Amino acid sequence: MERIIIHSDLNNFYASVERLFNPDLIGVPVAVCGSREERHGIVLAKSEEAKKFGVKTGDTIWQAQKKCRDIVIVPPHFDRYIDYSKKVRAIYARYTDLIESYGIDECWLDVSKSTLLFPEYDGEKYTEKDGEKHYSEGFLCHLGDVIRNTVKSELGVTVSCGVSFNKVYAKLGSDLKKPDGTSVISATYYKNVIFGLPVEDLLFVGKATCQKLRSMGISTIGKLAAADDNVMYKTFGKVGQTLLKNARGEDTDPVKHMDDKREMKSIGNSCTYAEDLTTLTQIRRHLYVLSESVAARLRESGQGLADTVHLWVRDNNLNDFSVQKKVRHTALCSEIAKHAYELFELNVKPPFKVRSLGVTVSGFDNGKSQLTFDETSGNYKKLEKVERCVDEIRKKHGYDKLQRGIVAEDPREMRNDVKSTHLIKPAKIDYPDEDN
């Protein structure tokens, strides 16, 4: 019997929660934005009304106001969002304990064995094909509707649900009917539903991967599913095999138990700045601020050391790019920042106007790597101890009580505790299919 996987996606989550606390926001275009005065003066979330004017996540406040003159700007309240995220998950837990989070507002649920959901359906449950039983579309839609209606009636926020036989298709389905809808991608009719959709709609097909696929003439999910295996492997390596499996509906990845921790593939932070960065000194300072956060979170994660440093840059015209490099295994801020700065110097030539920066590390060794004699006899261990001591001092006395000299040169950055204000939100990302 096929699996029943539901992907639930809370609609306009931040804006929806803000409306629960301020009913005057209902029916008007709303954007939840970071502080104008500090570094986060961008749109973090927007309402359906704002979307109709073309307001997008990542727009600056002035861009949002230019697109929608009457838009209402409200500050974020992350404590509220986390609280409601937990309440929604508590509802999901009534139906199954196989709940895998994909950020604060998205989850996969495996309800294949949910005894609470199944008795409520009194229509046809199965269809027959090739001697195998498949769930009917009406039954699958009913399951998604039960989840949606329960969340809406009890909490006042809405979700869109995708129901399918694997996680990739379920995630795709939740994007098809927004807001507050259920889409079914069944094992019987999935080709009719998704093969004509743009290839970038598929999970994990980000901008760079999409561009490479389209350059190969692969513009839809159906064309990707029909692509030659050897060509895909030659072009993308093992990632190409994964892309083919996802497009063909062959994803067998299980939904994790609600108590399992998500496997970390990367740890990163990014910032958007109130004023464009125009000098290498500013770039280096801000890369250290970001690397402090990344290194501290890496040490807390228990993932060991990382062997890849990624840099993301966005200019004042909102054009962006990302590059990466292999490095010796490290969890040191000083090394991460050094590599990030080298990537910047190599790829960005003056004059420049940088609006946003991001630093990420990946390739975790889970504590299995052995440092070389030169590394252990050098300063690595000493520097690691120093950075761990800094972590403890900041926990007890505050982030700004101990700073590197380059950061202390700018009083505003002394208080820029990126780590404590970071809220993890997975996004559509590219597989590392290019050598940078």
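Reader: Of the 436 residues of the protein chain, what percentage count as buried?

Author: In this predicted model, 49% of the 436 residues in the protein chain count as buried. The accessible surface of the chain comes to about 21,700 Å², and 51% of that surface belongs to carbon and sulfur atoms.

Reader: How should I read the nonpolar part of the interior, and which residues have the most contacts inside the largest nonpolar core?

Author: The general idea is that in soluble globular proteins nonpolar side chains tend to be buried together. Here the largest nonpolar core has 38 residues, and those with the most contacts inside it are I4, I6, F13, Y92 and L143. At least two residues of this core come from each of β1 (5-10), α1 (13-21), β2 (30-33), α4 (78-92), β6 (106-110), α5 (137-155) and β9 (159-164), with α5 giving the most, namely seven residues.

Reader: With which residues is L143 in contact, leaving aside its neighbours within four places in sequence?

Author: Once those neighbours are set aside, L143 is in contact with I4, I6, V111, L117 and F118. Apart from the core just described lies another, of 33 residues, which includes Y273, F344, F352 and F364.

Reader: How many aromatic pairs does the structure hold, and how is the geometry of one of them read?

Author: The structure holds 13 aromatic pairs, and a pair is read from the distance between ring centres together with the angle between the ring planes, where an angle over 60 degrees counts as edge-to-face. F165 and Y169 form such an edge-to-face pair, at 5.6 Å centre to centre and with 85° between the planes, and both of these residues are buried.

Reader: Why is the pair of Y190 and F195 edge-to-face?

Author: The planes of the Y190 and F195 rings stand at 75°, with the centres 6.0 Å apart, so this pair is edge-to-face. Y190 is buried, because its relative accessible area of 16% falls under the 20% cut-off.

Reader: Which residues do ring pairs link into a cluster?

Author: Ring pairs link F13, Y14, F78 and Y81 into a cluster, and F13 is also one of the residues with the most contacts inside the largest nonpolar core.

Reader: Where does the charged end of K87 sit, and which residue lies over the face of W108?

Author: The charged end of K87 sits over the ring of Y84, at 4.5 Å from the centre of that ring, while K167 lies over the face of W108, 4.7 Å from the ring centre.

Definitions and conventions: Residues are numbered from 1 along each chain as its sequence is written. This is a predicted model: local features need pLDDT of at least 70, side-chain atom pairs count only at pLDDT 80 or more; totals for chains, interfaces and linings use all residues. Side-chain values use heavy atoms; hydrogens and water are left out. Buried means under 20% relative accessible area, exposed over 50%, partly exposed in between (1.4 Å probe, protein chains only). Accessible areas come from the Shrake-Rupley method with a 1.4 Å probe; for residues, only the protein chains shown count as cover. Rings of Phe, Tyr and Trp (its six-membered ring) pair if their centres lie within 6.5 Å; planes under 30 degrees apart count as stacked, over 60 as edge-to-face and the rest as tilted. A charge sits over a ring if NZ of Lys or CZ of Arg is within 6 Å of the ring centre and within 35 degrees of the ring normal. A nonpolar core is a set of buried Ala, Val, Leu, Ile, Met, Phe, Trp, Tyr and Cys residues joined through side-chain atoms within 4.5 Å. Helices (H or I, at least four residues) and strands (E, at least two) are DSSP runs, numbered from the N terminus. Contact means heavy atoms within 4.5 Å.
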